[in-house]
Amino acid sequence: MAIQGLLQQAQQVCQQRGARLTKIREQVFLLLAEHDGAVGAYELLEELKAIDPAAKPATIYRALDFLSKQGFVHKIESINAFVMCHHFSECNHPVQLLICDECGHVEEIQSNNFDLALRSMADASGFNISHQIIEAHGTCQACN
């Protein structure tokens, strides 16, 4: 989806939820949307400083926290980076990421079978899953 289309969708979601997509949050959203793969917070901060020289690490982390809580971006814990979610209208969907260790490409996939299997195993253990991000590292088709 085009970046402006994603932004309009995010604005609508925020309006429906009563959440404020401030100018800074919008700028960080747009910066993330311009990246094809994962990007670190400090790289985003440097890009944001080109727009807003007063931007500080706390600025970027607060914006990323908001965007993550809204489901607009996913944090990739294993590489401490963020990636845009292109189907965030599906609230609370399970997240499964394929991360190429060669080129850094990140692909988000959805497998309802995998999600059901994980939830079944969690239920059997008496565990209640509140949030799920599965990360798989390897090599993408282009790098094979």
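This report walks through a few parts of a predicted model, from one helix to a pair of cysteine contacts near the end of the list of topics.

## Helix H1 and its two sides

Let's start with helix H1, which covers residues 3–17. Does its length add up? With 15 residues at 1.5 Å a residue, H1 should span 21 Å, and its end C-alpha atoms are indeed 21 Å apart, so the two values agree.Which residues of H1 are buried? They are Leu6, Leu7, Gln9, Ala10, Val13 and Cys14. Looking down the axis of H1, you'd see these buried residues fall within an arc of 160°, so they line one face of the helix. A bit of helix geometry helps here: an α-helix has 3.6 residues a turn, so residues three or four places apart point the same way. On the other side of H1, Gln15 and Gln16 are exposed.

What covers the buried residues of H1? The cover includes helix H2 (23–34), helix H4 (57–69) and strand E2 (81–84). Just after H1 comes Gly18, which takes a positive phi of about 70°.

## Rings that meet

Now for the aromatic rings. Searching the whole structure turns up 2 aromatic pairs. In one of them, Phe29 and Phe72 meet edge-to-face, with 5.8 Å centre to centre and 90° between the planes. Phe29 belongs to helix H2, while Phe72 sits in the loop between H4 and strand E1 (73–76), so this pair ties together parts that are 43 residues apart in sequence. Are these two residues buried or exposed? Both Phe29 and Phe72 are buried.

The other pair is Tyr42 with Tyr61: their ring centres are 6.1 Å apart and their planes stand at 75°, so this pair is edge-to-face too. Tyr42 is part of helix H3 (residues 41–51) and Tyr61 is part of helix H4, so the pair links parts that are 19 residues apart in sequence. Tyr42 has 49% relative accessibility, so it counts as partly exposed. Tyr61, at 36% relative accessibility, also counts as partly exposed.

There's one more ring to look at. The charged end of Arg25 sits over the ring of Phe66, 3.9 Å from its centre.

## Strand E3 and its partners

Next up is strand E3, residues 95–100. Of its 6 residues, 5 are buried, so E3 is largely enclosed by the rest of the structure. Strand E5 (residues 133–138) pairs with E3 in the parallel sense, over 6 bridges. Here Val95 stands opposite Ile133 in E5.

E3 also pairs with strand E4 (residues 106–109), this time in the antiparallel sense and over 4 bridges. In this pairing, Ile99 stands opposite Val106 in E4. E3 and E4 form a hairpin, with 5 residues between them. In that turn, Gly104 has a positive phi of about 85°.

## Cys140 and its contacts

Finally, find Cys140 in the segment after E5. Is Cys140 buried or exposed? Its relative accessible area is 17%, so Cys140 counts as buried. Which residues does Cys140 touch, not counting those up to four places away in sequence? The answer is Cys100 and Cys103.

For a sense of distance, try Glu46: it is 94 residues from Cys140 along the chain, and the C-alpha atoms of the two are separated by 28 Å.

Definitions and conventions
Residues numbered from 1 in each chain as written. Predicted model: local features only at pLDDT ≥ 70, side-chain atom pairs only at ≥ 80, totals over all residues. Heavy atoms only, no water. Helix = DSSP H or I, 4+ residues; strand = E, 2+ residues; numbered from the N terminus. Expected span 1.5 Å × (residues − 1). Buried < 20%, exposed > 50% of the residue type's maximum accessible area, 1.4 Å probe, protein only. Arc of directions from axis to C-beta. Contact = heavy atoms within 4.5 Å. Phe/Tyr/Trp six-rings, centres within 6.5 Å; stacked < 30°, edge-to-face > 60°. Lys NZ or Arg CZ within 6 Å of the ring centre and 35° of its normal. Pairing = 2+ DSSP bridges.
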